[in-house]
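Trainee: Pick one part of this model and take me through it closely. After that, tell me how the rest of the chain is laid out.

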Amino acid sequence: MKMKSQNKSLIMYSLVAALGIGFLPAVNLLKRPKELNVEVLYNTDFIESHVNFLAFKIFGKSTNPANVIVGKQGDLFLGNMHNKLLYKTMDIYPYSDVQIDHWSKNLVHLQQWYEYQGIEFILVLAPNKHSIYAENLPHWVQPAEYNLTDKLINASKKLGAHIVDLRPILLESKHDYDELLYWKTDSHWNQLGATIGFKASLEALSSFYQQSLVFPKYQFGSKAIQANGGHAKFLKIQNLLPMGYETLVYRETENESEVCAGNIDPQSFQLQPCTMKLRPYLDIHRGPVYTVNEKALNPEGVLILADSFLMQNSSLYDHTFNKTWKLKYNHLTGDRLQKFIDIQQPDVVVYQVVERSLFNNYFIDINSSQVE
């Protein structure tokens with residue numbers, strides 16, 4: 001009897017699959033009539049997107065939970081495949097007190113190495129969306145009250161590290177605005193959240209080194225847009241979500257001027273020719289870049305070692321400092337870092353690191369008692 005039931009299920013599945021395969025070319029032909037080839041005709045994006053949207057809309061579930069999870073109010077969050085993010089949020093990620101001790105000591109050694117060369121140093125923690133909007137996580141994700149991030153920050157601060165934890169200011173500020181500080185369909189902060197973080201970072205830098213930096217003045221606006229954040233794209237549902245599902249918060253900076261923007265040779269660290277641009281597009285994953293602003297608010301040159309969270313506050317650094325160099329933090333360590341410092345001679349270095357990557361990086365080796 002069981003065998004008959006299995007055979008029946010197999011037959012039904014085969015029929016549905018056959019109908020779907022037969023249905024695909026007709027749908028794709030209607031959607032893309034000028035692209036007649038096998039790859040286009042049997043593309044499954046149409047079916048996948050609608051199945052994913054139904055799972056998201058009706059059941060509040062993700063069909064790809066390792067990559068992205070669905071929270072309350074339709075918020076999308078990164079899944080655990082991204083640096084074991086959920087394990088770290090719930091504090092079930094494996095680590096030892098010895099590793100925390102090495103991490104904090106190595107951070108202080110790195111800071112002292114810079115300061116010995118006359119360079120000011122801060123490390124900025126760009127919080128996970130999970131930390132700022134924990135109330136919107138699904139019920140099965142229970143954030144720990146005291147987690148790995150807290151232990152790293154507390155241990156390093158006791159040793160005198162210049163670490164800037166942006167979680168408190170963003171948690172406080174989210175109640176001051178109608179708009180979100182992070183994208184609803186992405187893990188990154190938007191221009192509002194990034195600007196709050198930028199201002200707090202520079203205030204901390206001024207405090208650590210007892211100086212007076214001039215801050216840019218700005219105001220915010222917002223408008224409804226289609227949801228095209230990275231997580232919606234993971235699920236292929238960005239075109240099915242309604243206009244206005246996402247809000248674009250944009251920043252208008254007072255007296256913002258064009259900067260000369262160019263690339264940095266990744267081997268020699270020489271600056272390649274630059275061109276004048278207003279808010280040049282930034283993608284440090286494509287390679288190191290620099291800017292020069294003759295009308296900057298402050299005369300210093302700042303080396304910014306960061307990740308993709310830099311995209312939303314990059315132009316504020318360009319407006320604030322005479323020169324900026326922007327690279328991925330794990331691409332500039334050891335001898336390469338020393339070579340860059342010798343050639344470009346920055347006045348300030350800012351490490352801006354997303355929370356989920358704070359413990360797992362190359363520029364601080366948790367298995368070593370000191371950095372290079």
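**A close look at one loop residue**

Mentor: Let's start with phenylalanine 269, which is buried at a relative accessible area of 0% (buried is under 20%, exposed over 50%, partly exposed in between, with a 1.4 Å probe and protein chains only). Keep in mind that this is a predicted model, where local features need pLDDT of at least 70 and side-chain atom pairs 80 or more, while totals for chains, interfaces and linings use all residues. Residues are numbered from 1 along each chain as its sequence is written, and side-chain values use heavy atoms, leaving out hydrogens and water.

Phenylalanine 269 sits in the loop that runs from strand E7 (259-263) to strand E8 (275-277) (helices are DSSP runs of H or I with at least four residues, strands are E runs with at least two, numbered from the N terminus). The backbone is what caught my eye: phi of phenylalanine 269 is near 65°, positive in a residue that isn't glycine. Most residues other than glycine have a negative phi.

Aspartate 91 makes a nice partner for that story, with a positive phi of about 60° and, again, no glycine. It also belongs to a loop, the one between helix H4 (85-89) and helix H5 (97-116). Aspartate 91 counts as partly exposed, because its relative accessibility is 23%, whereas phenylalanine 269 is buried.

Now step back to the whole chain. The protein has 12 helices and 12 strands, and 49% of its 372 residues count as buried.

The largest pocket holds about 1,000 Å³ (a pocket is an open set of points on a 1 Å grid over protein atoms alone, with protein on both sides within 12 Å along at least five of seven lines; lining residues have an atom within 4 Å of a point). Of its 40 lining residues, Asp186, His188, Ser308, Met311 and Gln312 lie nearest the centre. Helix H10 (230-234), strand E6 (246-253) and helix H11 (314-320) each give at least two lining residues, and E6 has the largest share, with five.

There's enclosed space as well: the largest cavity takes up about 70 Å³ (a cavity is a set of grid points where a 1.4 Å probe fits but cannot get out; volumes are the space filled by probe spheres on points joined across faces, edges and corners). Its lining includes Lys88, Asn128, Glu355 and Phe359, while helix H7 (residues 148-158) contributes the most, three residues.
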